[in-house]
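Before reading on, take a moment to look over the sequence and the fold together, and keep both within view while the paragraphs below lead from one region to the next.

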Amino acid sequence: MKTYKLLLLLIGVSIIGCSDLEEDPVGRLSPDGFFQTPQDIQTAVNGAYTHAINEKFWGRKLSVALMLRSDMVDLASNETRRMEMNDLTTLGNNGMISEFWPKTYQGIAAANQAIAGAESVAADETIKNPVIAQAYFIRAFYYFHLVRQFGDVPYIDAPITDADAAASISKTPAAQVYENIIADLEYAKEWLPDTQVSRAIPSKGAASSYLALVYLTMAGTNDTAMFQKAFDEASEVIMNEGLYGYDLDLDFQNLFNADEIDASVEPIFALDYNNFEAPNNAYDQIAPMTGIRGDDRNSGGGWSVAVPSFAVYDTWNALDYRRAVSMDDGASINGNLEFYTNFTTSGHQFAKNRPYIAKYTRFPGAFARGNARATSHNYSMLRYAELLLIAAEAAVEIGDNISALTYMNRVRARARMGGTTLVAGVSTTVAPSAEPAALPMNYMVTANDVLEERRLELAFEGKRWYDIARRQLGATAFGATGLEGAKSDFSATDYLMPLPADELDRNPNLLPQNPGY
C-alpha cells in the first residue's frame with residue numbers, strides 16, 4: 001500500500017457569479033509549506049467540493065443508484081449493475097458502489113487536508129474559521145451519504161500519511177459516525193456566515209438545515225427526542241428565512257432550469273455544474289440517463305435508462321403542476337411530436353415506450369457534450385421546500401399539528417400556482433389549479449401525509465430511497481401493492497448496501513460484510 005504524503009489538490013474554481021466548480025488536477029502539492037494563508041485553505045476546500053460533482057458521485061453513479069433503489073423509478077435497460085440496484089439484489093462487486101465509495105472518501109480526504117493544513121495558517125479566527133467551517137460541512141455531507149447507505153463505515157478525520165496506519169483502518173459504528181457528523185455541522189453552523197455568494201458554498205442556514213435532516217434521519221420511526229431536535233433546528237431556519245435568504249420559488253420549474261436557478265431563493269445547498277467537461281469525469285450525465293433516445297433535443301436525446309414507474313405516472317394527479325414539471329409522456333422525434341407509446345417505432349431502436357423523467361432534460365442550459373452531458377445544472381442537495389417538510393414531519397411526531405399544517409400548506413400552495421414549462425417539447429403555461437388542495441385547519445396531519453408530500457415534491461431528486469430506509473417502509477413500498485410491484489423478496493438487510501468487495505479484499509479489518517450479502 002502506498003504511503004500518501006502528497007495532496008492532489010483539484011483546483012480551478014471560479015467564484016464569479018454562481019461560483020461554478022471546475023475539476024482541474026494541476027499537480028501534486030505537498031501539504032508541508034503549502035498552507036500559508038486562508039486562501040490556501042479555501043483552495044483545498046474547493047478541491048473537496050469538486051469530488052461531489054464528479055460523474056462517480058452525483059454526476060451519475062450515486063444519483064442514479066438512489067433513483068433506481070427507490071419505488072418511483074424503473075430501469076429501462078438491461079445493464080447488470082443497474083439491474084442489481086433496481087431489483088435490490090446489489091452485490092459487493094457492483095461497479096456503481098466500487099466507484100462512488102472511493103470518490104466519496106477522496107472528497108473526505110481533501111476536506112481533512114484542508115482542516116489539518118489550516119493549523120499552519122496564522123490568521124485571526126474570524127477570518128480563518130469560516131473557511132475551515134466549509135471543510136467541516138462538506139466532510140459531514142459526504143459521511144451522511146455513506147452512513148445512510150452502508151451503516152458502519154471507516155471514519156477518517158485526519159490525513160493518513162503512514163502505510164501501516166492506512167492498513168489498520170477499521171469500521172466505526174454508525175452511531176458514532178452520526179455523532180461526528182453532528183459535531184462537524186455544529187462547527188459549521190457556528191462559523192459560517194448567514195449567506196454566501198452562491199448556494200454551492202455552504203452557509204449557516206445550510207449547516208442548520210442539514211442538522212435538521214440528520215436528526216430526522218436518526219429519529220427513525222419513533223425517537224421523539226430526535227424528532228424534537230429536527231423540529232427545533234428546522235424551525236430556527238424557517239423563523240429566520242429572511243436572514244438566510246430562503247423562500248419557495250414562485251415557479252416550480254425554475255428549480256430545474258439551468259438558466260433560472262442561479263437567481264432562485266429556494267436552494268439551500270447545491271452542486272453547481274458549469275458546462276465544462278472537466279478531466280476525471282468531473283461533470284454530470286443525469287440528463288441523458290433519464291432522457292429518451294431519439295429525442296430531437298440535447299444533441300441526440302437521452303439513453304432511455306431510468307424512467308418513472310407506470311404507477312407513478314398513472315396515479316399522480318394530473319392537476320398537480322409538479323407532475324407536469326417532473327415527467328413527460330411526449331417528445332419531439334424526427335421533427336414530430338410523439339406520444340410515449342410510439343417512441344420505439346418512431347425514434348431510436350433502443351428507445352423505450354415509457355414516460356420519462358423531465359426534471360433534468362428540459363432546461364440543461366449550455367452543455368459541453370452531446371446528449372446533454374456536462375450541463376449547466378445546479379442540483380439542489382437540500383432546498384427550502386424540503387426543509388418545510390422536515391419541520392412538518394417532525395411536528396407530527398411531537399404532536400404539533402398546527403405547525404405541520406402550516407408547513408404542508410405552504411408547499412402545496414406553491415404547487416397550485418402553476419407556471420411555464422415544456423410539454424412534449426412545446427412551451428406551455430400551466431394555469432393555477434385547485435390541486436393539491438389546501439389541508440383544512442381541522443385536518444390531523446399524519447407522518448404518511450408528509451412522506452407522500454415528500455414523494456411528490458422531491459420526485460427523482462435522490463430523496464425517496466433515504467425516506468424508505470429511515471422510515472422502514474420497504475415491505476410496503478416493494479410489496480405487491482407498491483408502485484413497482486414486488487421487485488424482490490425485500491428484507492430488512494436491503495436497507496443497507498454491501499460494502500465494496502474490493503475494499504474488503506484489500507483490508508480485512510473492514511469485515512464482516514453487511515448482513516445479507
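A nonpolar core is a set of buried Ala, Val, Leu, Ile, Met, Phe, Trp, Tyr and Cys residues that are joined through side-chain atoms within 4.5 Å, and a residue counts as buried when its relative accessible area is under 20%. In this model, which is predicted, the largest nonpolar core has 150 residues, and those with the most contacts inside it are Trp58 and Ile181. The largest share of this core comes from helix 5 (residues 125-150), which gives 15 residues to it. As a general background, nonpolar side chains in soluble globular proteins tend to be buried together.

Which residues is Trp58 in contact with, once its neighbours within four places in sequence are left aside? They are Ala52, Ser63, Leu66, His145, Leu271, Tyr273, Ile286, Tyr379, Met381, Glu461 and Gly462.

The other residue named with Trp58 for its contacts inside the core, Ile181, leads to a pair of helices, since Ile181 is one of the residues through which helix 7 touches helix 8. Helix 7 (residues 174-191) and helix 8 (residues 204-219) pack with their axes 8 Å apart and at an angle of about 155°. Angles over 145 degrees count as roughly antiparallel, and the two helices are therefore described as roughly antiparallel to each other. Their crossing is left-handed. On the side of helix 7 the contact is made by Tyr178, Ile181, Ile182, Leu185, Glu186, Ala188, Lys189, Glu190 and Trp191, while helix 8 contributes Lys204, Ala207, Ser208, Tyr210, Leu211, Val214, Tyr215, Thr217 and Met218. Sorted by character, the residues of this contact divide into 12 nonpolar, two polar and four charged.

Helix 8 also packs against helix 15 (residues 384-397), and here the axes come within 10 Å and cross at roughly 40°. That angle makes helix 8 oblique to helix 15, and the crossing of these two helices is left-handed. In this contact Ser209, Ala212, Leu213 and Leu216 of helix 8 meet Glu386, Leu387, Ile390, Glu393 and Ala394 of helix 15. The residues involved divide into six nonpolar, one polar and two charged.

A further pair to look at is helix 16 (residues 401-416) and helix 17 (residues 447-457), whose axes lie 11 Å apart and which pack at an angle of about 30°. Because angles under 35 degrees count as roughly parallel, helix 16 is roughly parallel to helix 17. Helix 16 passes helix 17 in a left-handed crossing. How do the residues of this contact divide into nonpolar, polar and charged, and what are the counts? The residues that meet are Met408, Val411, Arg412 and Arg414 in helix 16 and Asp449, Val450, Glu453 and Glu457 in helix 17, and they divide into three nonpolar, no polar and five charged.

From the packing of helices we can turn to the backbone. Most residues other than glycine have a negative phi, and most peptide bonds are trans. Against that background, Leu88 has a positive phi of about 60° although it is not a glycine. Leu88 lies in the loop between helix 3 (80-87) and helix 4 (97-117), and, at 6% relative accessibility, Leu88 counts as buried. Asn371, which is likewise not a glycine, has a positive phi of about 70°, and its place is the loop between strand 9 (356-357) and strand 10 (378-383). With 13% relative accessibility, Asn371 counts as buried.

Where are the cis peptide bonds to be found? One joins Glu435 and Pro436, with an omega of about -5°, and Pro436 sits in the loop between strand 12 (426-430) and helix 17. Another cis peptide bond joins Leu511 and Pro512, with an omega of about 5°, and Pro512 is found in the segment after helix 20 (501-506).

A last stop is Gly474, which is found in helix 19 (residues 474-477). Is Gly474 buried or exposed? Its relative accessibility is 0%, so Gly474 counts as buried. Not counting residues up to four places away in sequence, Gly474 touches Ile468, Gly479, Phe490 and Tyr495. Gly474 and Gly242, by contrast, are 232 residues apart in sequence and, from C-alpha to C-alpha, 38 Å apart in space.

Key:
Residues are numbered from 1 along each chain as its sequence is written. This is a predicted model: local features need pLDDT of at least 70, side-chain atom pairs count only at pLDDT 80 or more; totals for chains, interfaces and linings use all residues. Side-chain values use heavy atoms; hydrogens and water are left out. Axes are lines fitted to C-alpha atoms, for helices over the stretch in contact, and angles run from 0 to 180 degrees between N-to-C directions. Helices (H or I, at least four residues) and strands (E, at least two) are DSSP runs, numbered from the N terminus. Angles under 35 degrees count as roughly parallel, over 145 as roughly antiparallel, 65 to 115 as roughly perpendicular and the rest as oblique. A crossing is left-handed if the near helix is turned anticlockwise from the far one by less than a right angle, and right-handed if clockwise. Contact means heavy atoms within 4.5 Å. Ala, Val, Leu, Ile, Met, Phe, Trp, Tyr, Cys and Pro count as nonpolar, Asp, Glu, Lys and Arg as charged, and the others, Gly among them, as polar. Buried means under 20% relative accessible area, exposed over 50%, partly exposed in between (1.4 Å probe, protein chains only).
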